[in-house]
Amino acid sequence: MGLLDRMGTIVKSKMSRIMDRMEDPREVLDYSYEKQLELLQNVKRGIAEVATSKKRLELQRARLAQSAEQLEGKARDALSSGREDLARQALERKVSLQNQIEILDSQIAELDREEQKLIAVETRLSTKIETLRARKEAIKAQYSAAEAQVKVTESVTGISEELADVGLAIQRAEEKTEGMKARAAALDDLLEKGVLEDYTGGDALDRELSKVKTSSAVEAELARLRGETK
Amino acid sequence: MIIRIMGEGQYRAPDTIIEDLNAIDNRIVELVEKGDREGFRNELLRMVSLVRERCEPLDATEIVKSDLILPPPDLTFEEARGIFRGQGLIED
């Protein structure tokens, strides 16, 4: 049977570092137990962080939606006083806000998935910790009696693997959260400065394409408003 | 055998599953080499769902070592470049 390679190697190297440090499985068990408690704290912090980021993006989404609504009102006013140019400007801003809202929606969904995943990790880890606490002393006693060495090693490696896995899960969730936070901060900044239409970024082609998309969306909105104000 | 899906948990798998996993693993190595992101994503999801469908989840209270460790389903293409190389996850 073929065996685990790369991904396994990551786990293995972390595992062997723990194993190298302590040769006595009894110490490893105690160490692992403490480490797991620490990890559980980290997971809980991670969940809180993700939830906070999500909340923040949701607030931003609400703000953008509100601005979009206001812009539509302005466009309507402009149109009824015969200033189509101003109406067009307002609608352009509105469309670009709507694009931003769509992006936020997908990020909120992504954070939500991340949160669910971490909650699952937390549940699993809590159960393992509870079991480990119950088994730890028994395993240690067995080891002392030198009759269950295989079993002990199996447990220890299993625990270490779990540790490495959860550690990696948290690390990835943290990285994702950091990315979202950076994005949220950038959005805050732009909202404050009032630069609402120019945060699509991307290369020239992207900008050009989004301009085309925006202008056709603006025309559609204008036509709709015209129909309503007639 | 015991299979772990990183970040998700462990499964008790029939030994026969290794052949199917191996086939997907080889395809992923090829796709990663070719730079085919979409193909890679599809195959990775297939690999993970194969385990989810054909294997029995291990009780969270069991503490055992895995025989095979699969990467998380949301592995990025960049991360995959570092993992799916040469012989892939499973050596032939």
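How much accessible surface does chain B have, and what share of it belongs to carbon and sulfur atoms? The surface comes to about 4,300 Å², and 45% of that belongs to carbon and sulfur. Before we go further, keep in mind that what you're looking at is a predicted model. With that said, let's walk through chain B and then move over to chain A.

Chain B mixes two kinds of building block: it has three helices and four strands. Start at the N terminus and you'll meet them in the order β-β-α-α-β-β-α. The chain has 92 residues, and 52% of them count as buried. Now take the contacts between residues at least 6 apart in sequence: 71% of these join residues at least 24 apart.

A good place to zoom in is helix α1 of chain B, which covers residues 17-34. Its 18 residues reach 26 Å from the first C-alpha to the last, close to the 26 Å expected at 1.5 Å a residue. Just after the helix comes B:Gly35, whose phi is positive, near 80 degrees. Plenty of residues in this helix are buried, including B:Ile17, B:Ile18, B:Leu21, B:Ile24, B:Asp25 and B:Ile28. A handy bit of background helps when you look along any helix. An α-helix has 3.6 residues a turn, so residues three or four places apart point the same way. What do the buried residues of α1(B) pack against? Their partners in chain B are β1 (2-5), α2 (37-54), β4 (68-70) and α3 (77-83).

Pick out B:Leu21 as one example from that helix. Why does B:Leu21 count as buried? B:Leu21 does so because its relative accessible area is 0%, and the cut-off for being buried is under 20%. Along the sequence, B:Leu21 and B:Val48 are 27 residues apart, yet their C-alpha atoms sit 9.2 Å from each other in space.

Next, look for aromatic rings. Searching the whole structure, over all chains, turns up one aromatic pair. The partners are B:Phe40 and B:Phe77, arranged edge-to-face, with 5.4 Å from centre to centre and 75 degrees between the planes. This pair links distant parts of the chain, since B:Phe40 belongs to helix α2 of chain B and B:Phe77 to helix α3 of chain B, 37 residues apart. Both B:Phe40 and B:Phe77 are buried.

Now for chain A. Here you'll find five helices and zero strands, so the run from the N terminus reads simply α-α-α-α-α. Chain A has 230 residues, of which 41% count as buried. It exposes about 12,500 Å², with carbon and sulfur atoms supplying 53% of that. Among its contacts with a separation of 6 or more, residues 24 or more positions apart account for 86%.

How confident is the predictor about this chain? The mean pLDDT of chain A is 77, and 76% of its residues reach 70 or more. Residues 1-6 of chain A fall below 50, although this stretch has 23 contacts in the model beyond near neighbours in sequence. Over residues 197-202 of chain A, pLDDT also stays under 50, and the model has ten contacts for them beyond four places in sequence.

Let's head inside. The largest nonpolar core has 44 residues, and those touching the most other members are A:Val43, A:Leu57, A:Leu125 and A:Val166. The elements giving two or more residues to this core are α2 (25-80), α3 (84-144), α4 (149-193) and α5 (204-229) of chain A. Apart from this core lies another one, of 27 residues, including B:Met1, B:Ile17, B:Leu44 and B:Leu75. Back in chain A, A:Val43 touches several residues farther than four places away in sequence, among them A:Leu118, A:Val121, A:Leu125 and A:Val166.

Two more residues round out the tour. A:Gln107 lies in helix α3 of chain A, and A:Gln107 is buried because its relative accessible area is 13%, under the 20% cut-off. Its contacts, leaving aside neighbours within four places in sequence, are A:Leu57, A:Met180 and A:Arg183. A:Leu225, in helix α5 of chain A, counts as buried at 0% relative accessibility. What does A:Leu225 touch, not counting residues up to four places away in sequence? The answer is A:Glu72, A:Ala75, A:Arg76, A:Leu79 and A:Leu91. The C-alpha atoms of A:Leu225 and A:Ser80 are separated by 9.4 Å, while along the chain these residues are 145 apart.

Note on methods. Residues are numbered from 1 along each chain as its sequence is written. Chains are lettered from A and ligands numbered from 1 in the order in which they are written. This is a predicted model: local features need pLDDT of at least 70, side-chain atom pairs count only at pLDDT 80 or more; totals for chains, interfaces and linings use all residues. Side-chain values use heavy atoms; hydrogens and water are left out. Buried means under 20% relative accessible area, exposed over 50%, partly exposed in between (1.4 Å probe, protein chains only). Contact means heavy atoms within 4.5 Å. Accessible areas come from the Shrake-Rupley method with a 1.4 Å probe; for residues, only the protein chains shown count as cover. pLDDT is the predictor's confidence in each residue, from 0 to 100. A nonpolar core is a set of buried Ala, Val, Leu, Ile, Met, Phe, Trp, Tyr and Cys residues joined through side-chain atoms within 4.5 Å. The expected span of a helix is 1.5 Å times one less than its number of residues. Rings of Phe, Tyr and Trp (its six-membered ring) pair if their centres lie within 6.5 Å; planes under 30 degrees apart count as stacked, over 60 as edge-to-face and the rest as tilted.
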